[in-house]
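Open the model in your viewer and keep the sequence panel in sight. The tour below goes from one selection to the next.

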Amino acid sequence: MRCRWLLLALAFAACAAPDFDVPREPSYALDPGPDTRAKRDVDTWLARNPGPSGFYPLVEGTDSLGARLRMMEAAERTIDAQYFLMKSDSAGFVFAAALLAAADRGVRVRLLLDDIFTTIRDEEIAFIDAHPNVELRLYNPISRNGIGAFNFLGDFKRANRRMHNKSFIVDNQVAIVGGRNIADEYFDLRAEGEFLDLDVLAVGPIVAEVSTEFDSYWNHERSLPASAVVREYTESELERLRDRMNGTFLDEAETIYRDAIDSNLMGRFVRGEEDLLSADARLLTDGPDKLVRDRSPDEQALVRELAEACNEARSEIIALTPYFVPLDEGVAFWKRQVDRGVRVVVITNSLASNNHTAVQSAYSGYRKDLLRAGVELYEARAGALASSDHPGSLTLHTKAMVLDRERVFIGSLNLDPRSIEINSEMGLLIDSPELGSGLVEALFSGLDTWTYRVELNERGSVEWNANIDGEAFVTTTEPDTSWCKRCIAWFLKIVPDRQL
């Protein structure tokens, strides 16, 4: 027993925070200059379109990956990428390989990753960072000294604050903002399940705002060069990693790369059959200081501006959020919208489709109050896409809002306390009736094929309704779940709502 307590004490003694007082060179977005292809193409588009910026929604995962890869192929001066997580899987390999190929051509690459859920190994981080035209920084990293889990728990107040922002910018002229991270599940590359997600491609003046947001995080005190966090690897170690990665992923990566850049949407753009939507927009973002200051409404810039936009809605608010924990304040907010005559529709995950059971457990405690307030609730049906050819389950990961079918928010914000109070978030608020009405029309034309309509029955119980294969389906038990899954969800109600 003494030995176990001694080992535990030693483990906690090893808990350490990284040294944030390390030398680093500030850097900023570069003017692309008049001679870059991106600058010429964007200027040509702007000259023949009335709106200040251009947008296109990236609904399919393959299209979204293809857009990123084509942008990297065309990059001439800079690539700036900011993500909450990146994984050592096929998507991560293809993305990293494309970054390095651009760097080989002389493109300056800045890659900023939040440290906690990024699962590429330290040797892979060092491998990417070793390229002379690439700099990789880790946001709010955990010390590599001692045991990582103890380092996280021992410095929980700091380590719990995460950068959830997601942006991708090429030559300071074209950007992608939205909900996708860099991993297989976000780009339809995982056979066992599919994420429904959404990004938006943007050109024009709005891109300068996205670049400014990136620079503010890149140069922040919590953003550390990878070399200050991970150990130094020898050239022979990196060479062995290169050989292993080539042997593991190369053939598969070539197929994924070709399928993505030759996707139907990319082909239509190349042939001139698709065009961007001309619109005004503004970037809504939390500043990086939100992650170092005490939690307060003053630091919740994004949600404050989005709430103001909701208060301006005249007839309808449609929100898609994978993780929905409204708290009492959120229920009251949505009730006020309904009471002033605005239709409120919230589409989120069911217990079966949610990949974070604790979040769903917390949300279930507010479901009846939301329904009584007049909110229309829909929950994703995990087995909606299941077939002999597609055995995987469906998970909603889209973070979006459509106001009066005229204004569209697309970004990283979940409607839960973690996104609102703890993490930093970003997104674009786009004034486009064409985009808004198009998204809503597509959404409602197929909503009954992949969701349950959640209602209160005459006994006051929650009821899930669907039409499955032409048959009416009704249940008062969390659908598509086992007794064990429901027990786990019940037990996880012990997790504080404000941490979810």
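Start by selecting Thr 348 and Pro 322: the side chain of Thr 348 comes to 3.3 Å from the backbone oxygen of Pro 322. Add Thr 321 to the selection, and you will find its backbone oxygen 2.7 Å from the side chain of Thr 348. Keep in mind that this is a predicted model.

Now show the element around it. Thr 348 belongs to strand 12, which spans residues 343-349. Is Thr 348 buried or exposed? Its relative accessibility is 0%, so Thr 348 counts as buried. Beyond its neighbours within four places in sequence, Thr 348 has contacts that include Tyr 323, Phe 324, Tyr 363, Tyr 378, Glu 379, Ala 380 and Leu 396.

Two of the residues in contact with Thr 348, Phe 324 and Tyr 363, are the next selection. A search of the whole structure gives nine aromatic pairs. Phe 324 and Tyr 363 form a tilted aromatic pair, with 5.8 Å from centre to centre and 40° between the planes. This pair joins distant parts of the chain, 39 residues apart: Phe 324 sits in the loop between strand 11 (316-320) and helix 12 (327-339), and Tyr 363 in helix 13 (residues 357-364). Both Phe 324 and Tyr 363 are buried.

For other rings, select Tyr 83, Phe 95 and Phe 168, which ring pairs link into a cluster. Then go to Arg 231, which lies over the face of Tyr 233 at 3.9 Å from the ring centre. Arg 222 is placed over the face of Phe 20, at 5.5 Å from the ring centre.

Next, select helix 5, residues 122-129. How many of its residues are buried? Eight of its eight residues are, and the helix is mostly covered. Among them are the acidic residues Asp 122, Glu 123, Glu 124 and Asp 129, along with Phe 127.

Move on to the cysteines. The count of disulfides is zero. Select Cys 484 and Cys 487: the sulfur of Cys 487 is the closest cysteine sulfur to that of Cys 484, but at 6.7 Å it is too far for a bond. Cys 484 has 43% relative accessibility and therefore counts as partly exposed. Cys 310, at 2%, counts as buried.

Finally, colour the model by pLDDT. The average for the protein is 90, and 94% of the residues score at least 70. Over residues 5-10 the pLDDT is below 50, and this stretch has one contact in the model beyond near neighbours in sequence.

How values were computed:
Residues are numbered from 1 along each chain as its sequence is written. This is a predicted model: local features need pLDDT of at least 70, side-chain atom pairs count only at pLDDT 80 or more; totals for chains, interfaces and linings use all residues. Side-chain values use heavy atoms; hydrogens and water are left out. Rings of Phe, Tyr and Trp (its six-membered ring) pair if their centres lie within 6.5 Å; planes under 30 degrees apart count as stacked, over 60 as edge-to-face and the rest as tilted. Helices (H or I, at least four residues) and strands (E, at least two) are DSSP runs, numbered from the N terminus. Buried means under 20% relative accessible area, exposed over 50%, partly exposed in between (1.4 Å probe, protein chains only). A charge sits over a ring if NZ of Lys or CZ of Arg is within 6 Å of the ring centre and within 35 degrees of the ring normal. pLDDT is the predictor's confidence in each residue, from 0 to 100. Contact means heavy atoms within 4.5 Å. A disulfide is a pair of cysteine sulfur atoms within 2.5 Å. A polar contact is a pair of N or O atoms within 3.5 Å; within protein, one must be able to donate a hydrogen and the other to accept it, and residues adjacent in sequence count only if both atoms are side-chain atoms.
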